[in-house]
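Reader: I would like to learn how to read a two-chain model. Please take me through it feature by feature.

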Amino acid sequence: MSGSKAIQLQGELQLEIMRALWKVDYAGVEEVRRALPTRHRGAYTTIQTVLNRLAERGLLARKREGKSILYSARVSEADYYSRSLRQALEKASVSARRSALAHLVGGMTPAERGEMESLAQEVAEQKAQRPKA
Amino acid sequence: MTAALLAALLLAGTTAPYLLPVDRLKPITGAAVWLMVLLLRATLVVLGVFSAVLYLPSTELFQLATHWCIHAVIPFFATHLGFSGHSVGDAAIVLPALVLALSAISALFAVLRAARVVRRWLHRGTLGRGPGESVIVGGESVVVAAAGVRGARIVVSTGALLALDEDELTASLEHERGHIARRHPYLALGGSLACGLARMLPGSADALRQLHFCLERDADEYAVQRTGNPLALASAICKAALDQPDLEPTPAIAGLSGLGAPTRLRFLLDRSSASSRAGSEYAARGLVAFLVGLTLLVGAMSPTLARAGIAAAGKPVGQHLCES
(Lines give C-alpha, C1' and ligand atoms only; values in the text may rest on other atoms or scores of the structure.)
Protein backbone atom coordinates (compact mmCIF):
# COMPACT_ATOMS: atom_id res chain seq x y z
CA MET A 1 0.00 0.00 0.00
CA SER A 2 2.89 2.37 0.71
CA GLY A 3 3.77 2.31 -2.99
CA SER A 4 0.38 3.51 -4.10
CA LYS A 5 0.43 6.13 -1.34
CA ALA A 6 3.82 7.39 -2.51
CA ILE A 7 2.70 7.86 -6.09
CA GLN A 8 -0.39 9.81 -4.97
CA LEU A 9 1.58 12.57 -3.19
CA GLN A 10 1.82 14.95 -6.13
CA GLY A 11 -1.88 14.54 -6.83
CA GLU A 12 -2.69 15.37 -3.21
CA LEU A 13 -0.75 18.65 -3.37
CA GLN A 14 -2.50 19.62 -6.60
CA LEU A 15 -5.87 18.81 -5.10
CA GLU A 16 -5.09 20.85 -1.96
CA ILE A 17 -4.14 23.80 -4.16
CA MET A 18 -7.41 23.49 -6.07
CA ARG A 19 -9.32 23.31 -2.76
CA ALA A 20 -7.61 26.51 -1.62
CA LEU A 21 -8.56 28.26 -4.86
CA TRP A 22 -12.17 27.03 -4.76
CA LYS A 23 -12.62 29.11 -1.59
CA VAL A 24 -11.45 32.41 -3.13
CA ASP A 25 -11.93 34.31 -6.36
CA TYR A 26 -8.33 35.10 -7.23
CA ALA A 27 -5.19 34.46 -5.18
CA GLY A 28 -1.45 34.94 -5.54
CA VAL A 29 1.18 32.24 -4.89
CA GLU A 30 1.81 33.29 -1.29
CA GLU A 31 -1.93 33.41 -0.46
CA VAL A 32 -2.38 29.91 -1.87
CA ARG A 33 0.67 28.68 0.06
CA ARG A 34 -0.71 30.05 3.34
CA ALA A 35 -4.10 28.46 2.71
CA LEU A 36 -2.57 24.97 2.35
CA PRO A 37 -2.47 22.46 5.23
CA THR A 38 0.94 22.54 7.00
CA ARG A 39 2.14 19.20 5.58
CA HIS A 40 1.65 20.47 2.01
CA ARG A 41 3.03 23.96 2.61
CA GLY A 42 6.14 23.63 0.45
CA ALA A 43 8.52 26.26 -0.86
CA TYR A 44 7.15 29.29 -2.70
CA THR A 45 8.70 28.14 -5.98
CA THR A 46 7.22 24.63 -5.61
CA ILE A 47 3.72 26.04 -5.21
CA GLN A 48 4.31 28.45 -8.10
CA THR A 49 5.44 25.58 -10.36
CA VAL A 50 2.36 23.51 -9.50
CA LEU A 51 0.07 26.52 -10.05
CA ASN A 52 1.59 27.14 -13.49
CA ARG A 53 1.31 23.46 -14.34
CA LEU A 54 -2.39 23.45 -13.40
CA ALA A 55 -2.92 26.58 -15.51
CA GLU A 56 -1.25 24.90 -18.51
CA ARG A 57 -3.57 21.94 -18.05
CA GLY A 58 -6.63 24.17 -18.26
CA LEU A 59 -7.69 23.91 -14.62
CA LEU A 60 -6.65 27.45 -13.58
CA ALA A 61 -6.87 30.89 -15.13
CA ARG A 62 -4.07 33.43 -14.70
CA LYS A 63 -4.19 37.21 -14.67
CA ARG A 64 -1.51 39.76 -14.03
CA GLU A 65 -2.14 42.42 -11.37
CA GLY A 66 0.72 44.82 -11.02
CA LYS A 67 3.89 42.80 -10.58
CA SER A 68 2.20 39.64 -9.33
CA ILE A 69 0.23 36.93 -11.09
CA LEU A 70 -3.11 35.87 -9.65
CA TYR A 71 -4.70 32.49 -10.16
CA SER A 72 -8.32 31.35 -10.09
CA ALA A 73 -10.02 28.01 -10.65
CA ARG A 74 -11.53 27.54 -14.13
CA VAL A 75 -13.17 24.30 -13.04
CA SER A 76 -15.54 24.53 -10.10
CA GLU A 77 -15.59 22.08 -7.22
CA ALA A 78 -18.94 20.79 -8.51
CA ASP A 79 -17.37 20.19 -11.95
CA TYR A 80 -14.50 18.34 -10.34
CA TYR A 81 -16.86 15.89 -8.67
CA SER A 82 -19.40 15.82 -11.49
CA ARG A 83 -20.50 12.67 -13.29
CA SER A 84 -17.62 11.29 -15.33
CA LEU A 85 -17.61 9.75 -18.79
CA ARG A 86 -17.12 6.34 -17.25
CA GLN A 87 -20.26 6.73 -15.18
CA ALA A 88 -22.17 7.96 -18.22
CA LEU A 89 -21.24 4.74 -20.01
CA GLU A 90 -21.93 2.45 -17.09
CA LYS A 91 -25.09 1.02 -18.63
CA ALA A 92 -23.43 0.14 -21.92
CA SER A 93 -22.19 -3.43 -22.33
CA VAL A 94 -18.46 -4.02 -21.74
CA SER A 95 -17.74 -4.69 -25.40
CA ALA A 96 -19.71 -1.66 -26.63
CA ARG A 97 -18.03 0.52 -24.01
CA ARG A 98 -14.63 -0.67 -25.14
CA SER A 99 -15.43 0.07 -28.77
CA ALA A 100 -16.59 3.58 -27.91
CA LEU A 101 -13.97 4.30 -25.27
CA ALA A 102 -10.38 3.08 -25.35
CA HIS A 103 -9.03 4.07 -21.97
CA LEU A 104 -5.87 3.74 -19.97
CA VAL A 105 -7.06 0.66 -18.09
CA GLY A 106 -10.13 -1.51 -18.37
CA GLY A 107 -11.92 -3.16 -15.46
CA MET A 108 -9.97 -5.33 -13.06
CA THR A 109 -10.80 -8.35 -10.99
CA PRO A 110 -9.99 -8.18 -7.25
CA ALA A 111 -7.11 -10.61 -7.90
CA GLU A 112 -5.63 -8.27 -10.49
CA ARG A 113 -6.10 -5.36 -8.11
CA GLY A 114 -3.93 -7.05 -5.47
CA GLU A 115 -1.30 -7.69 -8.13
CA MET A 116 -1.50 -4.06 -9.23
CA GLU A 117 -0.82 -2.82 -5.72
CA SER A 118 2.46 -4.71 -5.52
CA LEU A 119 3.39 -3.60 -9.05
CA ALA A 120 2.58 0.01 -8.08
CA GLN A 121 5.09 -0.30 -5.27
CA GLU A 122 7.69 -1.60 -7.73
CA VAL A 123 6.97 1.34 -10.06
CA ALA A 124 7.32 3.82 -7.17
CA GLU A 125 10.66 2.26 -6.17
CA GLN A 126 11.99 2.40 -9.74
CA LYS A 127 10.85 6.02 -10.04
CA ALA A 128 12.61 6.90 -6.81
CA GLN A 129 15.84 5.27 -8.04
CA ARG A 130 15.71 7.07 -11.39
CA PRO A 131 17.88 10.22 -11.43
CA LYS A 132 15.89 13.43 -11.92
CA ALA A 133 16.31 14.98 -15.37
CA MET B 1 -13.80 -34.89 -48.87
CA THR B 2 -13.79 -31.15 -49.59
CA ALA B 3 -15.97 -30.53 -46.53
CA ALA B 4 -13.60 -32.58 -44.33
CA LEU B 5 -10.58 -30.67 -45.63
CA LEU B 6 -12.35 -27.37 -45.07
CA ALA B 7 -13.33 -28.42 -41.54
CA ALA B 8 -9.70 -29.39 -40.78
CA LEU B 9 -8.46 -26.02 -42.09
CA LEU B 10 -11.06 -24.17 -40.03
CA LEU B 11 -10.10 -26.11 -36.91
CA ALA B 12 -6.43 -25.31 -37.53
CA GLY B 13 -7.26 -21.66 -38.16
CA THR B 14 -9.17 -21.22 -34.92
CA THR B 15 -6.78 -23.17 -32.67
CA ALA B 16 -3.41 -22.01 -34.09
CA PRO B 17 -3.45 -18.56 -32.38
CA TYR B 18 -3.51 -20.28 -28.99
CA LEU B 19 -0.29 -22.12 -29.88
CA LEU B 20 1.59 -18.92 -30.76
CA PRO B 21 3.82 -17.27 -28.12
CA VAL B 22 1.69 -14.09 -28.08
CA ASP B 23 4.09 -12.42 -25.64
CA ARG B 24 6.75 -12.55 -28.34
CA LEU B 25 4.76 -10.81 -31.06
CA LYS B 26 4.46 -7.16 -31.95
CA PRO B 27 1.16 -6.03 -30.38
CA ILE B 28 -0.29 -4.97 -33.73
CA THR B 29 0.47 -8.42 -35.20
CA GLY B 30 -1.29 -9.98 -32.22
CA ALA B 31 -4.28 -7.68 -32.81
CA ALA B 32 -4.38 -8.70 -36.49
CA VAL B 33 -4.35 -12.39 -35.49
CA TRP B 34 -7.22 -12.04 -33.00
CA LEU B 35 -9.27 -9.82 -35.31
CA MET B 36 -8.96 -12.42 -38.08
CA VAL B 37 -9.90 -15.18 -35.63
CA LEU B 38 -13.06 -13.24 -34.75
CA LEU B 39 -13.90 -12.60 -38.41
CA LEU B 40 -13.38 -16.27 -39.25
CA ARG B 41 -15.59 -17.28 -36.34
CA ALA B 42 -18.31 -14.87 -37.48
CA THR B 43 -18.09 -16.26 -41.05
CA LEU B 44 -18.32 -19.79 -39.66
CA VAL B 45 -21.43 -18.99 -37.66
CA VAL B 46 -23.13 -17.38 -40.66
CA LEU B 47 -22.21 -20.40 -42.77
CA GLY B 48 -23.39 -22.75 -40.03
CA VAL B 49 -26.76 -21.03 -39.86
CA PHE B 50 -27.16 -21.18 -43.65
CA SER B 51 -26.30 -24.89 -43.53
CA ALA B 52 -28.86 -25.46 -40.81
CA VAL B 53 -31.54 -23.68 -42.82
CA LEU B 54 -30.70 -25.40 -46.12
CA TYR B 55 -29.47 -28.91 -45.24
CA LEU B 56 -31.18 -29.89 -42.02
CA PRO B 57 -34.74 -30.20 -43.41
CA SER B 58 -33.65 -32.80 -45.97
CA THR B 59 -32.18 -35.17 -43.37
CA GLU B 60 -34.39 -38.05 -42.27
CA LEU B 61 -33.37 -37.78 -38.64
CA PHE B 62 -34.46 -34.16 -38.52
CA GLN B 63 -37.81 -34.96 -40.16
CA LEU B 64 -38.35 -37.79 -37.74
CA ALA B 65 -37.52 -35.68 -34.68
CA THR B 66 -39.54 -32.62 -35.66
CA HIS B 67 -42.51 -33.92 -37.61
CA TRP B 68 -45.14 -32.76 -35.10
CA CYS B 69 -47.44 -29.94 -36.17
CA ILE B 70 -47.22 -26.70 -34.18
CA HIS B 71 -51.03 -26.48 -33.91
CA ALA B 72 -50.99 -29.92 -32.28
CA VAL B 73 -48.26 -28.93 -29.78
CA ILE B 74 -49.67 -25.50 -28.85
CA PRO B 75 -53.23 -25.59 -30.22
CA PHE B 76 -54.69 -22.19 -29.28
CA PHE B 77 -51.75 -19.82 -29.82
CA ALA B 78 -50.52 -21.47 -33.05
CA THR B 79 -53.83 -20.74 -34.79
CA HIS B 80 -53.98 -17.14 -33.56
CA LEU B 81 -50.32 -16.37 -34.34
CA GLY B 82 -50.61 -17.86 -37.82
CA PHE B 83 -48.33 -20.86 -37.20
CA SER B 84 -51.01 -23.37 -38.04
CA GLY B 85 -49.96 -25.60 -40.93
CA HIS B 86 -46.25 -25.54 -39.96
CA SER B 87 -44.28 -28.29 -38.29
CA VAL B 88 -42.04 -27.95 -35.22
CA GLY B 89 -39.16 -28.51 -37.65
CA ASP B 90 -39.92 -25.20 -39.39
CA ALA B 91 -39.48 -23.37 -36.07
CA ALA B 92 -36.26 -25.31 -35.35
CA ILE B 93 -34.84 -24.17 -38.69
CA VAL B 94 -35.82 -20.54 -38.24
CA LEU B 95 -34.47 -20.38 -34.69
CA PRO B 96 -30.68 -20.28 -35.48
CA ALA B 97 -31.26 -17.61 -38.14
CA LEU B 98 -33.29 -15.61 -35.65
CA VAL B 99 -30.61 -15.92 -32.95
CA LEU B 100 -27.92 -14.83 -35.45
CA ALA B 101 -29.94 -11.82 -36.60
CA LEU B 102 -30.70 -10.79 -33.00
CA SER B 103 -27.02 -11.18 -32.01
CA ALA B 104 -25.90 -8.97 -34.90
CA ILE B 105 -28.57 -6.35 -34.23
CA SER B 106 -27.97 -6.25 -30.47
CA ALA B 107 -24.14 -5.95 -30.92
CA LEU B 108 -24.57 -3.16 -33.47
CA PHE B 109 -27.19 -1.41 -31.35
CA ALA B 110 -25.03 -1.59 -28.19
CA VAL B 111 -22.02 -0.06 -29.95
CA LEU B 112 -24.10 2.67 -31.60
CA ARG B 113 -25.77 3.48 -28.30
CA ALA B 114 -22.43 3.73 -26.47
CA ALA B 115 -21.01 5.90 -29.28
CA ARG B 116 -24.07 8.18 -29.04
CA VAL B 117 -23.67 8.51 -25.26
CA VAL B 118 -20.01 9.48 -25.76
CA ARG B 119 -20.89 12.02 -28.47
CA ARG B 120 -23.60 13.60 -26.33
CA TRP B 121 -21.35 13.63 -23.31
CA LEU B 122 -18.56 15.36 -25.22
CA HIS B 123 -21.07 17.87 -26.56
CA ARG B 124 -22.62 18.74 -23.20
CA GLY B 125 -20.26 17.57 -20.47
CA THR B 126 -16.88 19.00 -21.43
CA LEU B 127 -15.53 21.68 -19.14
CA GLY B 128 -12.94 23.17 -21.47
CA ARG B 129 -9.81 22.42 -23.42
CA GLY B 130 -7.10 20.45 -21.72
CA PRO B 131 -3.44 19.78 -22.56
CA GLY B 132 -2.44 18.32 -25.92
CA GLU B 133 -5.74 18.99 -27.74
CA SER B 134 -7.66 17.01 -25.16
CA VAL B 135 -10.96 17.99 -23.60
CA ILE B 136 -11.61 18.08 -19.86
CA VAL B 137 -14.53 16.21 -18.34
CA GLY B 138 -15.64 16.16 -14.71
CA GLY B 139 -15.01 13.31 -12.30
CA GLU B 140 -12.53 12.74 -9.52
CA SER B 141 -11.41 9.35 -10.85
CA VAL B 142 -8.33 9.09 -13.06
CA VAL B 143 -9.73 8.75 -16.58
CA VAL B 144 -7.73 9.41 -19.73
CA ALA B 145 -9.47 8.01 -22.79
CA ALA B 146 -9.83 8.14 -26.56
CA ALA B 147 -13.58 8.55 -26.87
CA GLY B 148 -15.71 7.94 -29.95
CA VAL B 149 -15.11 5.91 -33.10
CA ARG B 150 -15.19 8.41 -35.97
CA GLY B 151 -13.42 11.64 -35.09
CA ALA B 152 -12.28 10.26 -31.71
CA ARG B 153 -11.20 12.82 -29.10
CA ILE B 154 -8.93 12.48 -26.12
CA VAL B 155 -10.74 13.17 -22.87
CA VAL B 156 -9.08 13.79 -19.53
CA SER B 157 -10.96 13.87 -16.25
CA THR B 158 -10.35 16.63 -13.72
CA GLY B 159 -9.21 13.88 -11.34
CA ALA B 160 -6.54 12.75 -13.83
CA LEU B 161 -5.30 16.33 -14.30
CA LEU B 162 -4.70 16.56 -10.56
CA ALA B 163 -3.42 13.06 -9.86
CA LEU B 164 -0.90 12.68 -12.69
CA ASP B 165 2.45 14.44 -12.79
CA GLU B 166 3.79 16.01 -15.98
CA ASP B 167 5.55 12.89 -17.34
CA GLU B 168 2.60 10.63 -16.47
CA LEU B 169 0.11 12.95 -18.16
CA THR B 170 2.28 13.25 -21.29
CA ALA B 171 2.67 9.46 -21.49
CA SER B 172 -1.09 8.92 -20.96
CA LEU B 173 -1.98 11.43 -23.67
CA GLU B 174 0.47 9.75 -26.07
CA HIS B 175 -1.08 6.37 -25.24
CA GLU B 176 -4.53 7.68 -26.22
CA ARG B 177 -3.10 9.45 -29.26
CA GLY B 178 -1.70 6.05 -30.25
CA HIS B 179 -5.22 4.56 -30.18
CA ILE B 180 -6.46 7.28 -32.51
CA ALA B 181 -3.40 7.38 -34.83
CA ARG B 182 -3.44 3.61 -35.32
CA ARG B 183 -7.21 3.46 -35.91
CA HIS B 184 -7.83 1.22 -32.90
CA PRO B 185 -11.49 2.28 -32.44
CA TYR B 186 -12.30 0.84 -35.89
CA LEU B 187 -10.48 -2.43 -35.14
CA ALA B 188 -12.28 -2.68 -31.79
CA LEU B 189 -15.60 -1.99 -33.50
CA GLY B 190 -14.96 -4.68 -36.13
CA GLY B 191 -13.97 -7.12 -33.38
CA SER B 192 -17.07 -6.33 -31.30
CA LEU B 193 -19.43 -6.85 -34.23
CA ALA B 194 -17.73 -10.10 -35.26
CA CYS B 195 -17.86 -11.26 -31.63
CA GLY B 196 -21.57 -10.38 -31.56
CA LEU B 197 -22.14 -12.71 -34.51
CA ALA B 198 -19.86 -15.45 -33.19
CA ARG B 199 -21.20 -15.20 -29.64
CA MET B 200 -22.62 -18.74 -29.77
CA LEU B 201 -19.15 -20.24 -30.39
CA PRO B 202 -17.20 -20.82 -27.17
CA GLY B 203 -14.02 -18.77 -26.95
CA SER B 204 -15.25 -15.76 -28.96
CA ALA B 205 -15.43 -13.47 -25.92
CA ASP B 206 -11.90 -14.51 -24.97
CA ALA B 207 -10.67 -13.72 -28.51
CA LEU B 208 -12.23 -10.25 -28.20
CA ARG B 209 -10.48 -9.69 -24.85
CA GLN B 210 -7.17 -10.76 -26.44
CA LEU B 211 -7.78 -8.27 -29.26
CA HIS B 212 -8.40 -5.43 -26.79
CA PHE B 213 -5.33 -6.41 -24.80
CA CYS B 214 -3.17 -6.29 -27.96
CA LEU B 215 -4.60 -2.88 -28.88
CA GLU B 216 -3.80 -1.54 -25.39
CA ARG B 217 -0.26 -2.89 -25.65
CA ASP B 218 0.12 -1.36 -29.10
CA ALA B 219 -0.90 2.04 -27.69
CA ASP B 220 1.57 1.52 -24.82
CA GLU B 221 4.39 0.90 -27.31
CA TYR B 222 3.36 3.97 -29.33
CA ALA B 223 3.56 6.10 -26.16
CA VAL B 224 6.93 4.63 -25.15
CA GLN B 225 8.36 5.30 -28.63
CA ARG B 226 7.21 8.92 -28.41
CA THR B 227 8.17 9.69 -24.82
CA GLY B 228 11.00 7.24 -24.17
CA ASN B 229 9.62 6.92 -20.64
CA PRO B 230 7.95 3.57 -19.97
CA LEU B 231 8.10 4.17 -16.22
CA ALA B 232 5.90 7.28 -16.48
CA LEU B 233 3.26 5.34 -18.41
CA ALA B 234 3.49 2.46 -15.93
CA SER B 235 3.00 4.90 -13.07
CA ALA B 236 -0.03 6.50 -14.80
CA ILE B 237 -1.55 3.05 -15.38
CA CYS B 238 -1.04 2.24 -11.67
CA LYS B 239 -2.81 5.43 -10.62
CA ALA B 240 -5.70 4.85 -13.03
CA ALA B 241 -5.99 1.17 -12.11
CA LEU B 242 -5.87 1.62 -8.34
CA ASP B 243 -8.46 4.34 -8.64
CA GLN B 244 -11.01 1.93 -10.16
CA PRO B 245 -13.67 0.19 -8.10
CA ASP B 246 -13.37 -3.58 -7.68
CA LEU B 247 -15.21 -5.65 -10.24
CA GLU B 248 -17.39 -8.49 -9.11
CA PRO B 249 -15.62 -11.71 -10.14
CA THR B 250 -17.56 -13.50 -12.86
CA PRO B 251 -16.84 -16.87 -14.44
CA ALA B 252 -16.10 -15.08 -17.70
CA ILE B 253 -13.27 -12.96 -16.37
CA ALA B 254 -12.13 -14.58 -13.14
CA GLY B 255 -9.76 -16.85 -15.01
CA LEU B 256 -8.16 -14.04 -16.93
CA SER B 257 -6.00 -12.53 -14.23
CA GLY B 258 -2.78 -11.45 -15.83
CA LEU B 259 -4.44 -10.51 -19.11
CA GLY B 260 -4.97 -6.83 -18.37
CA ALA B 261 -3.14 -4.04 -16.66
CA PRO B 262 -0.67 -6.16 -14.61
CA THR B 263 0.68 -7.88 -17.73
CA ARG B 264 1.04 -4.56 -19.55
CA LEU B 265 2.90 -3.17 -16.54
CA ARG B 266 5.36 -6.05 -16.66
CA PHE B 267 6.08 -5.29 -20.32
CA LEU B 268 6.66 -1.65 -19.40
CA LEU B 269 8.90 -2.42 -16.43
CA ASP B 270 10.95 -5.09 -18.21
CA ARG B 271 11.64 -3.72 -21.69
CA SER B 272 13.56 -6.81 -22.78
CA SER B 273 10.30 -8.78 -22.61
CA ALA B 274 8.56 -6.26 -24.87
CA SER B 275 10.75 -6.94 -27.92
CA SER B 276 9.37 -9.39 -30.47
CA ARG B 277 11.12 -12.51 -31.76
CA ALA B 278 11.61 -12.64 -35.52
CA GLY B 279 10.58 -16.31 -35.81
CA SER B 280 7.33 -15.86 -33.87
CA GLU B 281 6.60 -12.66 -35.76
CA TYR B 282 6.96 -14.34 -39.17
CA ALA B 283 4.84 -17.28 -37.98
CA ALA B 284 2.10 -14.90 -36.79
CA ARG B 285 2.14 -12.93 -40.03
CA GLY B 286 1.89 -16.21 -41.94
CA LEU B 287 -1.06 -17.16 -39.75
CA VAL B 288 -2.78 -13.83 -40.47
CA ALA B 289 -2.33 -14.43 -44.23
CA PHE B 290 -3.68 -17.97 -43.78
CA LEU B 291 -6.70 -16.72 -41.82
CA VAL B 292 -7.44 -14.01 -44.40
CA GLY B 293 -7.25 -16.64 -47.15
CA LEU B 294 -9.41 -19.06 -45.19
CA THR B 295 -12.07 -16.43 -44.46
CA LEU B 296 -12.17 -15.43 -48.14
CA LEU B 297 -12.31 -19.10 -49.18
CA VAL B 298 -15.19 -19.84 -46.82
CA GLY B 299 -16.98 -16.71 -48.00
CA ALA B 300 -16.41 -17.59 -51.67
CA MET B 301 -17.57 -21.17 -51.18
CA SER B 302 -20.80 -20.10 -49.50
CA PRO B 303 -22.80 -19.63 -52.75
CA THR B 304 -21.71 -23.08 -54.01
CA LEU B 305 -22.60 -24.69 -50.70
CA ALA B 306 -25.91 -22.82 -50.69
CA ARG B 307 -26.75 -24.00 -54.22
CA ALA B 308 -25.92 -27.58 -53.25
CA GLY B 309 -28.04 -27.16 -50.15
CA ILE B 310 -30.99 -25.79 -52.10
CA ALA B 311 -30.68 -28.70 -54.53
CA ALA B 312 -30.62 -31.15 -51.61
CA ALA B 313 -33.55 -29.41 -49.95
CA GLY B 314 -35.44 -29.55 -53.26
CA LYS B 315 -35.44 -33.35 -53.27
CA PRO B 316 -38.90 -34.74 -52.64
CA VAL B 317 -39.38 -35.29 -48.94
CA GLY B 318 -43.03 -36.15 -49.10
CA GLN B 319 -45.96 -33.90 -48.30
CA HIS B 320 -45.98 -32.71 -44.75
CA LEU B 321 -48.92 -33.85 -42.69
CA CYS B 322 -49.46 -30.37 -41.23
CA GLU B 323 -50.21 -28.96 -44.70
CA SER B 324 -53.01 -31.42 -45.40
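Author: What follows goes from the chain contact to the shared sheet and then to the helix packing.

Author: This is a predicted model, in which local features need pLDDT of at least 70, side-chain atom pairs count only at pLDDT 80 or more, and totals for chains, interfaces and linings use all residues. Residues are numbered from 1 along each chain as its sequence is written, chains are lettered from A and ligands numbered from 1 in the order in which they are written.

Reader: How many residues does the contact take from chain A and from chain B?

Author: Contact means that two C-beta atoms, placed from the backbone, lie within 7 Å. Here 56 residues come from chain A and 68 residues from chain B. On the side of chain A, the elements that give two or more residues include α2 (9-22), α4 (44-56), β3 (101-103) and α8 (110-129). Helices (H or I, at least four residues) and strands (E, at least two) are DSSP runs, numbered from the N terminus. The largest share of that side, 13 residues, comes from α8(A).

Reader: How do the residues of the side of chain A that touches chain B divide by class?

Author: Three classes are used: Ala, Val, Leu, Ile, Met, Phe, Trp, Tyr, Cys and Pro are nonpolar, Asp, Glu, Lys and Arg are charged, and the others, Gly among them, are polar. That side has 24 nonpolar, 16 polar and 16 charged residues.

Reader: Now the sheet. In what order do the five strands stand?

Author: Strands of a sheet pair through backbone hydrogen bonds, either parallel or antiparallel. Two strands count as paired if DSSP finds at least two bridges between them. In this model the order is β3(A)-β3(B)-β4(B)-β2(B)-β1(B), in an open sheet with mixed pairing. β3 of chain A and β1 (126-129) of chain B stand at the edges, each with a single partner strand, so one side of each is left without a neighbour in the sheet. On average, neighbouring strands are turned by 30° against each other, direction ignored.

Reader: In what sense do β3(A) and β3 of chain B pair?

Author: Antiparallel: three bridges link β3(A) to β3(B), residues 144-147. A:Leu101 has B:Ala147 as its bridge partner in β3(B). At β1(B), three bridges lead to β2(B), residues 135-137, and these strands also run antiparallel. There B:Arg129 is bridged to B:Val135.

Reader: Which helix lies across β3 of chain A together with β3 and β4 of chain B?

Author: That is α8 (residues 166-181) of chain B, running at about 20° to β3(B). Axes are lines fitted to C-alpha atoms, for helices over the stretch in contact, and angles run from 0 to 180 degrees between N-to-C directions.

Reader: Next, α13 of chain B. Which of its residues are buried?

Author: Buried means that 20 or more other C-beta atoms lie within 10 Å of a residue's own, with C-beta atoms placed from the backbone; 12 or fewer is exposed, and in between is partly exposed. In α13(B), residues 261-269, the buried ones are B:Ala261, B:Pro262, B:Arg264, B:Leu265, B:Phe267 and B:Leu268. They pack against α8 of chain A together with α10 (204-227) and α11 (230-242) of chain B. For chain B as a whole, 42% of the 324 residues are buried.

Reader: How does α13(B) sit against α8(A)?

Author: Angles under 35 degrees count as roughly parallel, over 145 as roughly antiparallel, 65 to 115 as roughly perpendicular and the rest as oblique. The axes of α8(A) and α13(B) are 9 Å apart, at an angle of about 20°. The two helices are therefore roughly parallel. The crossing is left-handed: the near helix is turned anticlockwise from the far one by less than a right angle, whereas clockwise would be right-handed. A:Glu112, A:Glu115, A:Met116, A:Leu119, A:Glu122 and A:Gln126 meet B:Ala261, B:Pro262, B:Leu265 and B:Leu269. By class, this contact has six nonpolar, one polar and three charged residues.

Reader: At what angle do α11(B) and α13(B) cross?

Author: Roughly 160°, with axes that come within 9 Å. That makes α11(B) roughly antiparallel to α13(B). Their crossing is left-handed. By class, the contact has nine nonpolar, no polar and one charged residues.

Reader: And which residues of α10(B) meet α13(B)?

Author: B:Glu216, B:Arg217 and B:Asp220 meet B:Arg264, B:Phe267 and B:Leu268 of α13(B). This contact divides into two nonpolar, no polar and four charged residues. The axes come within 11 Å and cross at roughly 30°. α10(B) and α13(B) are therefore roughly parallel, and their crossing is right-handed.
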